[in-house]
Amino acid sequence: FTSRRINMQGIHCIKGEIHNVLTVLRLTSPRETRRSATEGNPLIRSLKELYETIGNATDIQKVDASVWLLPFLNVIISDSTDIHTTSVALHSVHKFLVYRYINEESINVSQALANIAYYVTHCKYDVRDREDCEVVQMKILEILLECLRCPAGDTLTNQAVIDMITECFNVRCRKGASKLLRRYAENVLTQMVLVIFSRLNPETKTGKRLYNFPSSIPLHTPLTSSSSFSSFPSSTPPSSSPTASATSSSSTTNTTISIIPIIEQTLPATIATATTVATTTSADSTVIANINIPTINTTTTTAPMY
C-alpha cells in the first residue's frame with residue numbers, strides 16, 4: 001500500500017510540474033500571438049501529450065523514465081524559451097531527482113540519467129540578466145550533483161560524468177562570475193569527486209566489480225620473498241583462489257613475509273642515513289662526507305641492521 005501511494009504521488013507531482021511549465025510557457029508568449037503560439041508550440045503540445053499519457057498510469061515505475069522526462073528536457077534546451085521558463089523546467093527535473101521518482105527501479109533509468117546529463121550541460125538561456133543567469137547556473141549544478149549521487153548514479157557513462165565535471169569547471173572559471181557562484185561551483189565539484197571515489201572504493205560493490213577483488217583476500221596480502229621485489233603483484237587481476245593469490249610458487253625459497261613490516265623497519269633507518277650529513281670545518285672550507293644509502297635485502301624476514 002505504501003509503495004503504491006508513493007508511486008501515485010509521483011504521478012501527481014509530474015502532473016503538477018507539467019501545469020507549472022505550461023503556465024510559464026503561455027505567459028511568456030507575446031500577447032498578440034499568444035493563442036496561435038500556444039496551439040502550434042511543439043513544447044506545449046508534447047507536455048499536453050505527456051499529461052494524457054501518465055493520466056492513465058497508476059505506477060510511475062511502469063512508465064519509461066526517458067520518455068516522460070523528455071518534454072521537460074526539450075524546454076531546457078530550447079532556443080525559444082526565456083530564462084524564467086528554463087528555470088522552472090530545471091526546478092522540475094531537480095524535484096524528480098530529489099524525490100527519487102527516478103531511481104534504479106525505473107524503466108530505462110540509465111538512458112534517462114544520460115539524457116539529463118547531456119541536456120542540462122547544454123542548457124540554453126538568455127545571459128543578459130546576470131543575477132538570473134547565476135541562479136540558473138546554480139540550479140544546473142544542483143541537478144548534476146543530484147544526478148551523480150542518486151542511487152542510480154552508478155549507471156552513468158564515463159562521458160556523462162566527464163561532462164558534469166567539465167561544466168563545474170566552466171562555471172567556476174566563467175568570466176564575471178560572482179564570488180558566491182565560484183565558491184558554490186567549487187563545493188559542488190568537491191562533492192562530485194567524493195561521490196566518485198567513494199564508489200571506486202574496493203570495499204564497495206561497485207569497486208569490487210571494477211577491480212575484480214575477491215572479498216576473502218585482505219587489503220594487505222602477504223607476499224612470498226624472492227631475490228628481488230619482482231614478486232610484487234602485477235597489473236593483472238588476482239586469481240580467484242585466495243591461496244594462489246596470497247603466496248607464489250617460487251622454487252628457490254618458500255619463506256612468506258609481509259612487505260609492511262619491512263617498510264616500517266627499514267624506512268626510518270634509510271631516511272636517517274640519507275639525511276645525515278657529516279661536516280668537517282677547516283680553516284679554508286667545509287667538507288661534506290659521502291652518503292651511503294643501504295639496500296633492502298628481501299631474502300630474509302628481518303630488517304637489515306645498519
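Biologist: Let's start with one residue: where is Gln 61 found?

Modeller: Gln 61 lies in the loop between α3 (42-55) and α4. Keep in mind that we're looking at a predicted model.

Biologist: Is Gln 61 buried or exposed?

Modeller: The way to read that is relative accessibility, where buried means under 20%. Gln 61 comes out at 13%, so it counts as buried.

Biologist: Which side chain does the side chain of Gln 61 join in a polar contact?

Modeller: That of Ser 106, at 3.1 Å. Setting aside neighbours within four places in sequence, Gln 61 is also in contact with Asn 7, Tyr 101, Asn 103, Glu 105 and Ile 107.

Biologist: On to the nonpolar side. Which residues have the most contacts inside the largest nonpolar core?

Modeller: Trp 68, Phe 72, Phe 96, Ile 102, Leu 113 and Ile 116, in a core of 64 residues. Several helices supply at least two residues each, among them α1 (2-27), α5 (83-98) and α6 (109-121). The helix that gives the most is α7, with 10 residues.

Biologist: Take Leu 113 from that list. What does Leu 113 touch?

Modeller: Not counting residues up to four places away in sequence, Leu 113 touches Leu 97, Ile 102, Cys 147, Cys 150, Ala 152, Gly 153, Thr 155 and Leu 156.

Biologist: Now a helix. How do I check the span of α9?

Modeller: Use 1.5 Å a residue. Helix α9 covers residues 179-199, which is 21 residues, so it should span 30 Å. Its end C-alpha atoms are 31 Å apart, and that agrees.

Biologist: And which residues of α9 are buried?

Modeller: The general idea first: an α-helix has 3.6 residues a turn, so residues three or four places apart point the same way. In α9 the buried ones are Leu 181, Ala 185, Val 188, Leu 189, Met 192 and Val 195. They cover an arc of only 125° around the axis, so they sit on the same side of α9. What covers them includes α7 (130-149) and α8 (158-172).

Biologist: What does the face turned away from the buried side of α9 carry?

Modeller: Exposed residues: Lys 179, Leu 180, Leu 194 and Phe 197.

Biologist: Last thing, where is confidence lowest and where is it highest in the protein chain?

Modeller: The chain averages a pLDDT of 73, with 61% of the residues scoring at least 70. Helix α4 (residues 65-77) is highest at 96, while strand β1 (residues 223-224) is lowest, at a mean of 36. Over residues 213-264 the pLDDT is below 50, and that stretch has 57 contacts in the model beyond near neighbours in sequence. Residues 269-306 are also below 50, with 40 such contacts.

Conventions
Residues numbered from 1 in each chain as written. Predicted model: local features only at pLDDT ≥ 70, side-chain atom pairs only at ≥ 80, totals over all residues. Heavy atoms only, no water. Helix = DSSP H or I, 4+ residues; strand = E, 2+ residues; numbered from the N terminus. Expected span 1.5 Å × (residues − 1). Buried < 20%, exposed > 50% of the residue type's maximum accessible area, 1.4 Å probe, protein only. Arc of directions from axis to C-beta. Contact = heavy atoms within 4.5 Å. pLDDT = per-residue confidence, 0-100. Polar contact = N/O pair within 3.5 Å; in protein donor to acceptor, adjacent residues only side chain to side chain. Core = buried A, V, L, I, M, F, W, Y, C linked by side-chain atoms within 4.5 Å.
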